[in-house]
Amino acid sequence: MNILIVEDEALLALELESELENAGHTIVGVAMSSQEAKAIIDRAHPEFAFVDIHLLDGPTGIDVGRHLESKDISYVFVSGNLKRIPEDFAGAIGAIEKPYTMNGLENALSFIETFVRGENRGNIPPSLVPSPWLRQRQMTESRQQPQSQS
Amino acid sequence: MNSEENSKQNAREAGDRLLAEHVSEDPFAAAFKATRMPMLITDPRQPDNPIIFSNKAFSQLTGYSQDELVGRNCRLLQGPESDQRAITQLREAIAAERSLEVDILNYRKDGSTFWNALFMSPVRNSEGEVIYFFASQLDFTHVKDKQKELAAARSSAEQEVARRTKDLRDALDAKTLLVHEVDHRVKNNLLTIASILKLQARTSADTTVQKTLRSVLDRVEALSTVQRKLFTTADVERFDVSDFARDLITDMIGALRRDDIKVHFDLSPVLVPAIKASPLALIINELVGDAVRRGLKDSGGAIDICIRRLNGHFQIRVKDTMPPVDVEVDSEAEAFSRTILETCARQVNAKIERHQHHHDTIVDIRLPVGSVEESRKA
């Protein structure tokens with residue numbers, strides 16, 4: 001996948017970048033502010049994004065999220081304070097809470113990969129807090145396919 | 001003789017007639033004249049119900065001589081600040097010929113005011129007709145002043161309470177903000193520490209260095225998971241060990257990417273003081289990590305985690321079942337893990353018991369609930 005990272009902590013961004021590249025993805029950009037993020041979104045058309053809420057220009061990650069939503073790009077929030085996320089998750093499929101673990105990130109990533117490919121999804125890992133609509137969808141699916149949830 | 005003089009004359013004559021009914025040594029008349037209670041009598045059968053008699057105490061209170069009062073209506077005591085509702089009450093009581101008690105602000109001859117607790121009642125003859133109104137006055141200005149002082153004192157006390165409540169609320173808001181800020185920084189620092197460890201492990205070509213850094217990262221991440229679980233519930237002082245264990249173990253086993261590991265949870269919510277969270281988290285991390293290292297990651301198997309209260313104890317039991325597998329055991333890593341486990345157990349006053357049956361390994365951790373609750377009070 002072509003992925004955008006929106007994160008104002010340079011070391012966290014760098015590590016996430018290597019982690020994603022190791023998993024076979026391409027990073028189309030790392031943005032530290034909302035303007036930067038929007039510019040990369042409009043220019044590079046990522047397929048997915050990781051979005052921190054607090055950026056260099058304030059708590060503007062939500063704006064970036066709305067912009068991604070308007071372009072139909074799937075993304076997750078990555079934040080230490082999930083209470084800041086609006087109730088509808090601004091179109092995000094979920095949130096990864098900081099400080100995430102390597103295992104947690106890997107599990108969240110493999111769920112995200114299958115989600116973006118539109119394949120049959122497995123269980124949501126505990127490291128990914130699902131948005132209300134994703135949770136709703138999972139519940140409906142698990143009711144339709146009870147045998148796959150054993 | 002003009003009409004004003006005429007009516008005054010009539011009022012005086014009525015007063016004289018009233019007195020004439022009582023002989024000079026009449027004890028009632030003497031009492032009326034001499035009492036310290038200001039009193040007066042009016043005649044409702046004359047136009048405008050004039051005063052026909054007043055005593056010395058009344059003159060002392062109001063500053064009007066008896067001669068100035070006789071023939072006048074009582075409204076001469078009223079002034080601009082007198083309460084219109086009290087005046088209306090008075091007028092209605094007179095018209096209805098009934099008695100009345102009312103507090104009213106009255107004016108002296110010199111224009112100064114006094115609070116008058118007025119009592120007024122009709123006096124009837126044997127036919128039941130009202131022939132006089134009797135009124136007594138009580139100056140309670142000092143009581144009224146006290147009431148004002150009290151009201152002012154209460155109002156200033158209320159203002160003070162409101163001010164202090166606001167100060168406290170502001171302080172609490174500032175404290176909450178600070179806790180969130182500190183929590184945010186701790187989370188960011190933990191993730192930065194983890195990122196540095198991962199980055200270096202990635203850039204190092206030496207497998208021993210990689211292994212060592214991964215080993216440190218593993219413990220740092222257990223603490224990160226604790227920090228993530230703190231402050232998320234309404235009760236910021238407590239930590240649910242079971243909730244933590246479920247997330248940590250699901251992530252740890254999930255990341256092994258093996259379909260042949262069966263995880264079974266038997267978890268009851270166990271809330272411990274936040275201060276115990278880190279050692280308990282590391283204990284669980286070491287127990288499960290040990291099972292993973294002994295062969296779960298290589299050959300699969302089953303792992304059972306039970307966390308509950310049992311006979312006044314708090315129990316963590318980790319049981320793993322693995323087929324015999326030839327895993328090269330890193331004795332140094334194993335000893336290090338054992339040290340962390342035992343040290344954390346000592347910190348929370350826990351006992352460790354290890355059993356081995358065929359392919360099963362069971363580790364039981366027990367700590368008295370009392371020690372958990374005692375430390376909560378501290």
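Buried residues account for 42% of the 150 residues of chain A in this predicted model. The secondary structure of chain A consists of five helices and six strands. Followed along the sequence, these elements give the pattern β-α-β-α-β-α-β-β-α-β-α. Of the contacts in chain A between residues at least 6 apart in sequence, 54% link residues at least 24 apart.

Chain B has 378 residues, of which 26% are classed as buried. Eleven helices and twelve strands are assigned to chain B. When contacts in chain B between residues at least 6 apart in sequence are considered, 59% of them connect residues at least 24 apart.

**Nonpolar cores**

In soluble globular proteins, nonpolar side chains tend to be buried together. The largest nonpolar core here contains 44 residues, and the members that touch the most others are Leu4(A), Val6(A), Ala49(A), Phe50(A) and Val76(A). The element that gives the most to this core is helix H4 of chain A, residues 102-117, with six residues. Phe50(A) illustrates the contacts: leaving aside residues up to four places away in sequence, Phe50(A) touches Ile5(A), Val6(A), Leu16(A), Tyr75(A), Val76(A) and Val78(A). Another core, of 40 residues, lies apart from the one just described, and its members include Phe239(B), Phe244(B), Val270(B) and Ala350(B).

**Where the two chains meet**

The contact between the chains involves 25 residues of chain B and 20 residues of chain A. On the side of chain B that touches chain A, helix H6 (141-203), helix H7 (207-229) and helix H8 (241-254) each supply at least two residues. H6(B) provides the largest share of that side, twelve residues. By residue class, the side of chain B that touches chain A comprises eight nonpolar, nine polar and eight charged residues.

**Helix packing in chain B**

Helix H9 of chain B, residues 277-299, packs against H8(B), and H9(B) also packs against H7(B). The geometry of the two pairs is set out below.

| Helix pair | Angle | Distance between axes |
|---|---|---|
| H8(B) and H9(B) | about 30° | 10 Å |
| H7(B) and H9(B) | about 130° | 9 Å |

Because angles under 35 degrees count as roughly parallel, H8(B) and H9(B) are described as roughly parallel to each other. The crossing of this pair, H8(B) and H9(B), is right-handed. From H8(B), the contact is formed by Val241(B), Phe244(B), Ala245(B), Leu248(B), Ile249(B) and Met252(B), and from H9(B) by Leu280(B), Ala281(B), Ile284(B), Asn285(B), Val288(B) and Val292(B). These residues of the contact of H8(B) with H9(B) are divided into eleven nonpolar, one polar and no charged. Phe244(B), which takes part in this contact, is also one of the members of the core of 40 residues.

H7(B) and H9(B), by their angle, are oblique to each other. The crossing of H7(B) and H9(B) is right-handed. On H7(B), the contact is made by Asp218(B), Arg219(B), Ala222(B), Leu223(B), Thr225(B) and Val226(B); on H9(B), the partners are Ala277(B), Ser278(B), Ala281(B), Leu282(B), Asn285(B) and Gly289(B). The contact of H7(B) with H9(B) is made up of six nonpolar, four polar and two charged residues. Ala281(B) and Asn285(B) appear in the contact of H9(B) with H8(B) and in the contact of H9(B) with H7(B).

**Local backbone features**

Most residues other than glycine have a negative phi, and most peptide bonds are trans. The peptide bond from Lys98(A) to Pro99(A) is cis, with omega near -5°. Pro99(A) belongs to the loop between strand S5 (94-97) and H4 of chain A.

Asp72(A), a residue other than glycine, has a positive phi near 60°. The position of Asp72(A) is in the loop between helix H3 (61-70) and strand S4 (74-79) of chain A. Since 12 or fewer neighbours make a residue exposed, Asp72(A), with 7 C-beta neighbours inside 10 Å, counts as exposed.

In chain B, Asn349(B) is likewise not a glycine and has a positive phi of about 60°. The loop that holds Asn349(B) runs between helix H10 (331-347) and strand S11 (351-357) of chain B. Asn349(B) is partly exposed, having 15 other C-beta atoms within 10 Å.

Arg85(B) lies in helix H5 of chain B, residues 84-96. With 10 other C-beta atoms within 10 Å, Arg85(B) is exposed. A distance of 9.4 Å separates the C-alpha atoms of Arg85(B) and Ile104(B), which are 19 residues apart along the chain.

Definitions and conventions
Residues are numbered from 1 along each chain as its sequence is written. Chains are lettered from A and ligands numbered from 1 in the order in which they are written. This is a predicted model: local features need pLDDT of at least 70, side-chain atom pairs count only at pLDDT 80 or more; totals for chains, interfaces and linings use all residues. Helices (H or I, at least four residues) and strands (E, at least two) are DSSP runs, numbered from the N terminus. A residue is buried if 20 or more other C-beta atoms lie within 10 Å of its own, exposed if 12 or fewer, and partly exposed in between; C-beta atoms are placed from the backbone. Two residues are in contact if their C-beta atoms, placed from the backbone, lie within 7 Å. A nonpolar core is a set of buried Ala, Val, Leu, Ile, Met, Phe, Trp, Tyr and Cys residues joined through C-beta atoms within 7 Å. Ala, Val, Leu, Ile, Met, Phe, Trp, Tyr, Cys and Pro count as nonpolar, Asp, Glu, Lys and Arg as charged, and the others, Gly among them, as polar. Axes are lines fitted to C-alpha atoms, for helices over the stretch in contact, and angles run from 0 to 180 degrees between N-to-C directions. Angles under 35 degrees count as roughly parallel, over 145 as roughly antiparallel, 65 to 115 as roughly perpendicular and the rest as oblique. A crossing is left-handed if the near helix is turned anticlockwise from the far one by less than a right angle, and right-handed if clockwise.
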